[in-house]
Amino acid sequence: MRAVTVIPGVPGSLRLLDDYPEPAPEEGPILVEALAVGVCGTDIEIIEGQYGEAPPDTDRLVLGHESLGRVLEDPTGTRQPGDLVAGIVRHPDPVPCSNCAVGEWDMCRNGQFTEHGIKALPGFARERWRLQPRFAVGLDPSLIKVGTLLEPTSVMVKAWDHVDRIGLRAEWQPRTALITGAGPIGLLAALLASQRGLSVHVLDLATEGPKPALASALGATYHSGPLDRLDLQPDVIVECTGAPAVVLEAMCRAGPNGIVCLAGVSTGGRTIDFDAGALNRTLVLENNVVFGSVNANRRHWEGAAEALSKADPAWLASLITRRVPLAEYGIAYSPGPQDIKVVLEFDT
Ligand SMILES: [Zn+2]
């Protein structure tokens with residue numbers, strides 16, 4: 001069968017194989033035919049050779065962690081043939097650590113977890129894959145064209161879940177949220193904020209293209225100026241750019257008792273002149289919290305499936321700015337300036 005693969009660590013090794021083996025029964029009893037995979041920055045880093053690890057018995061890693069497929073067979077009866085499913089990306093470490101032992105693999109403490117399409121497990125950019133029932137998440141049939149958004153949504157559901165848990169340290173009635181960065185992750189963070197009834201602000205550099213309208217369609221206020229000119233005291237800031245200057249400014253900008261979630265990943269190596277004393281003063285005197293968030297566990301995936309089923313289907317579809325058939329896979333991994341989310345389709 002066909003599969004999109006790379007040799008991790010070897011730039012230029014991206015290949016569509018047509019003789020990739022059928023999924024091994026050990027992967028799980030649920031056999032799934034791929035419908036689509038979403039493309040994200042991690043895939044491009046893997047293709048550039050910066051990241052990624054092949055499974056132990058091979059030198060090639062199948063890409064794809066933002067999955068959507070249709071069940072072909074499930075002898076366990078957990079899913080019915082025809083059901084839409086996505087596969088949970090991260091599997092718990094084999095030790096397991098105290099978090100993985102209770103299903104909180106998103107909080108793995110020893111780093112020995114594995115991840116489909118990223119770290120030691122084949123990804124979902126292959127025509128068929130298998131799942132164990134506990135790693136299969138069902139989607140409403142109405143999500144057939146947008147279900148690959150489940151994985152990035154799960155990451156943002158976790159971020160909001162942790163905001164809530166931190167908020168519960170005291171009386172917590174948030175009203176205003178600021179999302180920095182209007183890429184797919186930022187816009188999905190804004191969707192979840194609007195579903196919570198918050199007054200939502202989205203900040204991004206873009207002044208044209210689809211981002212301003214996508215934010216407005218959620219009822220959010222879109223800003224394209226610098227963060228330090230924004231006259232706002234948000235209760236929650238979800239930082240999705242990873243741009244060091246924005247990250248530092250975001251940490252200083254939350255209102256009293258505010259919570260700042262860092263969800264963007266910076267590339268290191270750049271230093272910025274920064275008043276750490278002023279940041280300390282703000283955090284202490286305002287009871288503010290800054291925390292990082294990555295990945296998601298099953299509870300978050302299920303929350304994401306629910307959030308997507310409640311969202312406007314047309315809005316979700318407009319996040320997908322390009323759909324590329326599998327045969328033209330190469331262009332899926334070269335996002336253009338107007339792209340928000342690119343999806344590689346298996347059924348066209
Ligand atoms: Zn662990």
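# Exercises on a predicted model

Strands β12 (residues 176-180) and β13 are paired in the parallel sense, over five bridges. The model is predicted, and the exercises below are worked from its atoms and from UniProt annotations.

## Exercise 1. Strands β12 and β13

Task: Work out which residues stand opposite each other in β12 and β13, and how the chain gets from one strand to the other.

Solution.

Step 1. Take the bridge partners. Ala177 stands opposite Val200 in β13, and Ile179 stands opposite Val202 in that strand.

Step 2. Follow the chain. Helix α3 (residues 184-195) belongs with β12 and β13 to a β-α-β unit, and this unit is right-handed.

Step 3. Go on to the next strand. β13 also pairs with strand β14 (residues 221-223), in the parallel sense and over three bridges. From β13 the chain crosses through helix α4 (residues 211-217) to β14, in a β-α-β crossover that is right-handed. In this pairing Leu203 is opposite His223 of β14.

## Exercise 2. The surroundings of β12

Task: Decide whether β12 is enclosed or open, and find its pairing with β15.

Solution.

Step 1. Look at burial. Five of the five residues of β12 are buried, so the strand is largely enclosed by the rest of the structure.

Step 2. Sort the side chains. Thr176, Leu178 and Thr180 point one way from β12, while Ala177 and Ile179 point the other way; all are buried.

Step 3. Turn to β15. Strand β15 (residues 236-239) runs parallel to β12 and is joined to it by four bridges. Thr180 has Glu239 as its bridge partner in β15.

Step 4. Set β13 beside this. Strand β13 (residues 199-203) is mostly covered, with four of its five residues buried.

## Exercise 3. A three-stranded sheet

Task: Give the strand order of the open sheet that contains β8, and name its edge strands.

Solution.

Step 1. Read the order. The open sheet has three strands, in the order β7-β8-β9, and its pairing is mixed.

Step 2. Find the edges. β7 (90-91) and β9 (120-121) are the edge strands, since each pairs on one side only.

Step 3. Check one pairing. Strand β8 (residues 114-116) and β9 run parallel and are joined by two bridges. His116 is opposite Leu121 in β9.

## Exercise 4. Aromatic rings

Task: Classify the ring pair of Phe124 and Trp129, then find which charged residues lie over the ring of Phe113.

Solution.

Step 1. Start with the search. Over the whole structure, two aromatic pairs are found.

Step 2. Use the geometry. The ring centres of Phe124 and Trp129 are 4.7 Å apart and the planes are at 65 degrees, so this pair is edge-to-face. The cut-off for that class is an angle over 60 degrees.

Step 3. Add the burial. Phe124 has a relative accessible area of 0% and is buried. Trp129, also at 0% relative accessibility, counts as buried.

Step 4. Move to Phe113. The charged end of Arg90 sits over its ring, 3.5 Å from the centre. Lys119 lies over the face of Phe113 as well, at 4.7 Å from the ring centre.

## Exercise 5. Cysteines

Task: State how many disulfides are counted, and explain why Cys252 has no bond to Cys261.

Solution.

Step 1. Apply the cut-off. A disulfide needs two cysteine sulfur atoms within 2.5 Å, and the count comes to zero disulfides.

Step 2. Look at Cys252. Its closest cysteine sulfur is in Cys261, 16 Å away, which is too far for a bond.

Step 3. Compare accessibility. Cys252 is partly exposed, with a relative accessible area of 26%. Cys97 counts as buried, at 9% relative accessibility.

## Exercise 6. Annotated domains

Task: Describe the residue spans that UniProt marks as domains at 27-135 and at 145-346.

Solution.

Step 1. Take residues 27-135. The unreviewed UniProt entry annotates them as "domain: Alcohol dehydrogenase-like N-terminal". The span is 6% helix and 32% strand, and its end C-alpha atoms lie 10 Å apart.

Step 2. Take residues 145-346. Here UniProt (unreviewed entry) places "domain: Glucose dehydrogenase C-terminal". The chain over these residues is 40% helix and 18% strand, with the end C-alpha atoms 12 Å apart.

Notes:
Residues are numbered from 1 along each chain as its sequence is written. This is a predicted model: local features need pLDDT of at least 70, side-chain atom pairs count only at pLDDT 80 or more; totals for chains, interfaces and linings use all residues. Side-chain values use heavy atoms; hydrogens and water are left out. Rings of Phe, Tyr and Trp (its six-membered ring) pair if their centres lie within 6.5 Å; planes under 30 degrees apart count as stacked, over 60 as edge-to-face and the rest as tilted. Buried means under 20% relative accessible area, exposed over 50%, partly exposed in between (1.4 Å probe, protein chains only). A charge sits over a ring if NZ of Lys or CZ of Arg is within 6 Å of the ring centre and within 35 degrees of the ring normal. UniProt positions are given in the numbering used here, feature names are shortened, and annotations may be inferred rather than shown by experiment. Two strands pair if DSSP finds at least two bridges between them. A crossover is right-handed if, with the strands pointing away from the viewer, the path from the first strand over the helix to the second runs clockwise.
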